[in-house]
Every structure is written in structure tokens, then in C-alpha cells.
Amino acid sequence: MIGFFHRHRDGVVAEPIARSVWNSDHLGGPPVSGLLARELDTCCPDGFVPARLTVDLFRPVLDRPITIRSETVRRGRRITVADAAIVQNDQVRARATALFLSPGAVPPGQLWSAGDELPAPPEGAVQVGDMPLFRSGSGGWNRDGADHQNDDRKICWVAVVLSLVAGEPLTPLQHAAMVADFTNQVCHWGSRGVGYINADVTMTLSRPPVDCELGLRAADAVPAEGISIGTATLYDRVGALGTCVVTALSNGDHPVDLTVTTR
């Protein structure tokens, strides 16, 4: 079973597919987020579920051997918190915090919900190993970046099927964490490409995804003086399951032209 990484001594080494579109010597956000989620998966107690993952991307993770370390900060009856970090050359390059909760009964009464329709492509439109599908505004689904390099609302539909680390099954938390990093793309892909680079991503989950297909729909983007906050809804074919938020910095001098990279 191939993956984005393979085991190497006490850590992992990236495969070419894990490289960033920003810089070929750096790793992309989705595999980095997934790798930290993989480490934090080991900190989830029996009977708990992942409810929040925050990844801080404060240094580029290089295409070099990676060591990951973690610790459980607190383990309680209903709440567990754990931290993880990616280390290269004795330097922490990215870190993450996870919140695990113990599920319980739903309280009585009714709550308000947005209840918006969350579009999904037809069953079978995304096959094993396919690149993500995109949709802009009320248009159709496709992978042609030229159709989506505009100022319309974006949706991304991803089927992550590769293992994160070769030989290991992909867990629901790892899957969701990798898709969550597309939040910057769906929120900050405009008429001139992606002009922001995200410094973090926070994903909240009310439940795990039910299968390998996940959608991410832009909810809002709030830019001011070179900083923008992007928010997206994470969902599967059953319905919404969480929210993703990125804090992004202007990278207007070197935007990523996705008319090239999504073809």
C-alpha cells in the first residue's frame, strides 16, 4: 500500500506526491496536517472521538527525514488534550493540538441550524486516486482550474485514498485533517489565483466522516491589511460534520495560479 510517506528509522520520509505547489523543496499542507493527525491518533483514548485539531504551520516542513513527537497534556473522564510536533534537524517546524471528547446522549429540545443544502457530485464521480473536483458558484463540477479562477464561492470535493504512511490504513481523523488544509484554497482562490498562504488550520468535528469522500464549502473570507480569515464547512454525503478555519497571510507577489496546478 503506497502512501504520502514511508517509514524511515524512527520517523518518515516524504514521497514526491507530498511536495508543495508553493516550493518543491517543501511539503504541502494536507500531508503535513495528516502526519500530525496520525501522531495524535495514538493519543485518543478508547471511547473518545476527535473533536478539534489545530495545526500551526509556522515553518516550512522540508522534503527531508521527519521525526514526530507527541504528549498527552490532560486525560480526563470526558476531555483529553494532546500535542504533537514535527521535528527536523532538532527544530520544531509545525505543531498541532487535538481535543478528544467522550460522546454522550443528545440533550432534549431543538436547536437552530443553518440547514443549508451541501452540494455533492454524483455518486462515482470521484474514483480512487483522482484529483479533487471543484465547483464555483452555481457551475458544474470539474478539475479545470480556468473554470474556477474567479470570485465565486468555491467547493472542493476530495476522495483521499492513499495511505498517509505506506502500509498503514488511513484513519478518519487523518483523512479529515488532510482535507481541512484545502480551506485556504476554497476560501482564498480568486480571479488571480491563490494570493494567501495559510499559517494554520483549525478543524472541528461533531462526528467522524462516514467514508473516503469529503466536501469543503467556503463559508466566508474576511481580509484586512494582508491578513485574511477563511472559514469553510466540512461535510460528507450524510451532511455537515464540522467547520474549518484558516488564518492566512498575503502572498500577493507569488500567487499560485491554479489554472495550471489543477489540470
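Buried here means under 20% relative accessible area, exposed means over 50%, and partly exposed is whatever falls in between, using a 1.4 Å probe and protein chains only. With that scale in hand, Cys-44 counts as partly exposed, because its relative accessibility is 23%. Before going further, note that this is a predicted model, in which local features need pLDDT of at least 70, side-chain atom pairs count only at pLDDT 80 or more, and totals for chains, interfaces and linings use all residues. Residues are numbered from 1 along each chain as its sequence is written, and side-chain values use heavy atoms, with hydrogens and water left out.

Let's stay with Cys-44 for a moment. You'll find Cys-44 in the loop between helix H1 and strand S3 (49-56); helices (H or I, at least four residues) and strands (E, at least two) are DSSP runs, numbered from the N terminus. Leaving aside residues up to four places away in sequence, Cys-44 touches Val-49 and Phe-100, where contact means heavy atoms within 4.5 Å. The C-alpha atoms of Cys-44 and Leu-101 are 9.0 Å apart, with the two positions 57 residues apart along the chain.

What about the other cysteines? The structure holds zero disulfides, a disulfide being a pair of cysteine sulfur atoms within 2.5 Å. For Cys-156 the closest cysteine sulfur is in Cys-244, and at 11 Å that is too far for a bond. Cys-156 is also buried, with a relative accessible area of 1%. Cys-212 is in no disulfide either, its nearest cysteine sulfur being that of Cys-156, 14 Å away. Unlike a buried residue, Cys-212 counts as partly exposed, at 36% relative accessibility.

Cys-156 leads us into strand S8. Six of the six residues of S8 are buried, so the strand is largely enclosed by the rest of the structure. In a regular strand the side chains alternate between the two faces of the sheet. In S8 both faces are covered: Lys-154, Cys-156 and Val-158 are buried on one side, and Ile-155, Trp-157 and Ala-159 on the other.

Now look at the partners of S8. Strands pair if DSSP finds at least two bridges between them. Strand S7 (residues 133-136) runs antiparallel to S8 and is joined to it by four bridges, with Arg-135 opposite Ile-155. Five bridges join S8 to strand S14 (residues 213-224), again antiparallel. Across that pairing, Cys-156 stands opposite Leu-216 and Ile-155 opposite Arg-217. From Arg-217 you can step on to strand S15 (residues 227-235), where its bridge partner is Thr-233. S14 and S15 run antiparallel over nine bridges and form a hairpin with two residues between them; Glu-225 in the turn has a positive phi of about 50 degrees.

There's a separate stop at the start of the chain. Strands S2, S1 and S9 form an open sheet in the order S2-S1-S9, with mixed pairing. S2 (11-14) and S9 (163-165) stand at the edges with a single partner strand each, so one side of each is left without a neighbour in the sheet. Neighbouring strands here are turned by 35 degrees against each other on average, direction ignored; axes are lines fitted to C-alpha atoms, for helices over the stretch in contact, and angles run from 0 to 180 degrees between N-to-C directions. S1 (residues 3-8) pairs with S2 in the antiparallel sense over four bridges, and His-8 stands opposite Gly-11 in S2. Lying across S1, S2 and S9 is H1 (residues 29-41), which runs at about 70 degrees to S9.

H1 also brings us to the largest pocket. A pocket is an open set of points on a 1 Å grid over the protein atoms alone, where a 1.4 Å probe fits, with protein on both sides within 12 Å along at least five of seven lines; lining residues have an atom within 4 Å of a point. The largest pocket holds about 1,200 Å³ of space. Its lining counts 46 residues, of which Val-21, Gly-28, Gly-29, Pro-30 and Pro-31 lie nearest the centre. H1 gives the largest share of that lining, four residues. Elements supplying at least two lining residues each include S8 (154-159), helix H3 (183-188), strand S12 (196-198) and helix H4 (258-261).

Conventions
Points joined across faces, edges and corners; volume = space filled by probe spheres on them.
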